[in-house]
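Please read this briefing alongside the sequence and the coordinates. It deals in turn with strand pairing, nonpolar packing, one helix with two faces, and a single glycine.

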Amino acid sequence: MPNKWFETVAVAQRRAKQRLPKSVYSALTAGSEKGLSSRDNLDSFDELGFAPHVAGNATNRSMSTTVMGQSISMPVIISPTGVQAVHPEGELAVARAAANRGVAMGLSSFASRSIEEVCEVNSQVLFQLYWSGDRETMVARLERARRAGAQGVILTLDWSFSNGRDWGSPWIPDKIDAKAVLRLAPEVLARPRWLWSFARTGHLPTLTTPNMARPGEAPPTFFGAYYEWMQSSLPSWEDVAWLRAQWSGPFMVKGVSRVDDAKRVVDLGASALSVSNHGGNNLDGTPAPIRVLSTICDAVGDQVEVLLDGGVRRGSDVVKALALGARAVMIGRAYLWGLAAGGQAGVENVLDVLRGGIDSAMLGLGKANIDEFVPGDLVVPNGFFRSLGT
């Protein structure tokens, strides 16, 4: 019997590909248009090297920190993603894993589990909003998150420009009806373990979004919620400032890649910003977040917490981001591969892999605390950085 434990995120991804139906796996893969940004998110980390020490290194090492008022055991946060059809327990498995490993969890508006369910098993939930619906609807969603126990809000603004994939997009049904069952049957039957995991619960994926439900109404389907977002007016900076004012706690703006936008985020009073291109699922050709991170940190890092989201697959990637000024990173596909491969234990496995990689890099670089990383710890090739909006 193969070992359930995996030693890298790459192994988790291979197991996820073996377990998930083709359409489900394809829905999780990154990229839009030609896939330039999604490839750069990964390749850019490989261009950075380390400058290690060989003696006098720290025996005791600490990687705990705080982000958006939350004490976390390492500089990693679960990024909000919809995990429809990946695993029967969905975000509940992710939330339990995050709680067991001492990290905060971002919960998507498009999640398959409600904010109430997730807050019951994890006390460090950050609720994610898209600019969707009218102001009254968005305030109602904030109030619901507050009542459920959310500790902060993440406003995602880096998902507006995606337009198809050269390699094709998966077919995703609006609901699992007879037509969908017939069309998906061949690929589902080819993945009996995935099918059995849902069959044991007595139901197939519902493809609904409970956090987008209006009071007293049934949860809309994914495409119903998507349609609401598509029909909503695009937000101005004044709109974003208004939304920030509706939430008294920590507030993050996710999706920044330009210095001038980062300064606007500071001006509206946000607690944090995430340097992100939505995993490459946005305007293709946008540079990898790690390439623009340092210029944003140099400009506003003393006024707002700066996080990085995009391409993180190893603990050494986390350290590279910290050395360039990030307070922490957010991970998305890395934990989704773990969830698909092993449920809650798989997510915990991914977090353990990242923790071990961070500790190994700290040892090699002679650091006792994650606050000690500096750009000089890295080997950076000429022409690596991008400076946008300066």
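In this predicted model, strand β8, which spans residues 251-256, is mostly covered, since five of its six residues are buried. The strand pairs in the parallel sense with β7 (residues 152-156) over four bridges, and four bridges also join β8 to the parallel strand β9 (residues 272-276).

**Strand pairing around β8**
- On the side of β7, T156 has K254 of β8 as its bridge partner.
- On the side of β9, V256 stands opposite V275, and the chain passes from β8 to β9 through helix α11 (residues 259-267) in a β-α-β crossover that is right-handed.

**Nonpolar cores**
- The largest nonpolar core holds 97 residues, of which L273, I290, L293, I296 and I331 touch the most other members; helix α14 gives the most to this core, with 14 residues.
- Leaving aside residues up to four places away in sequence, L293 touches V275, V306, L308, A321, L324 and A326, and V275 is also the residue of β9 that V256 stands opposite.
- A second core, separate from the largest one, consists of twelve residues and includes M68, I154, M252 and A328.

**The two faces of helix α8**
- Which residues of α8 (residues 192-199) are buried? They are W194, S197 and F198, and these three lie on the same side of the helix because they cover an arc of only 95° around its axis.
- An α-helix has 3.6 residues a turn, so residues three or four places apart point the same way.
- The face of α8 that is turned away from the buried side carries the exposed residues P192 and W196.
- The buried residues of α8 pack against three helices, namely α1 (9-19), α2 (22-28) and α7 (178-189).

**G364 in helix α14**
- G364 is placed in helix α14, which covers residues 333-365, and α14 is also the element that gives the most to the largest nonpolar core.
- Is G364 buried or partly exposed? With a relative accessible area of 21%, G364 counts as partly exposed, because buried means under 20%.
- When residues up to four places away in sequence are not counted, G364 touches P52, H53 and N57.
- G364 and P375 are eleven residues apart along the chain, and their C-alpha atoms are separated by 15 Å.

Terms used. Residues numbered from 1 in each chain as written. Predicted model: local features only at pLDDT ≥ 70, side-chain atom pairs only at ≥ 80, totals over all residues. Heavy atoms only, no water. Helix = DSSP H or I, 4+ residues; strand = E, 2+ residues; numbered from the N terminus. Buried < 20%, exposed > 50% of the residue type's maximum accessible area, 1.4 Å probe, protein only. Contact = heavy atoms within 4.5 Å. Arc of directions from axis to C-beta. Pairing = 2+ DSSP bridges. Right-handed = clockwise from strand over helix to strand, strands pointing away. Core = buried A, V, L, I, M, F, W, Y, C linked by side-chain atoms within 4.5 Å.
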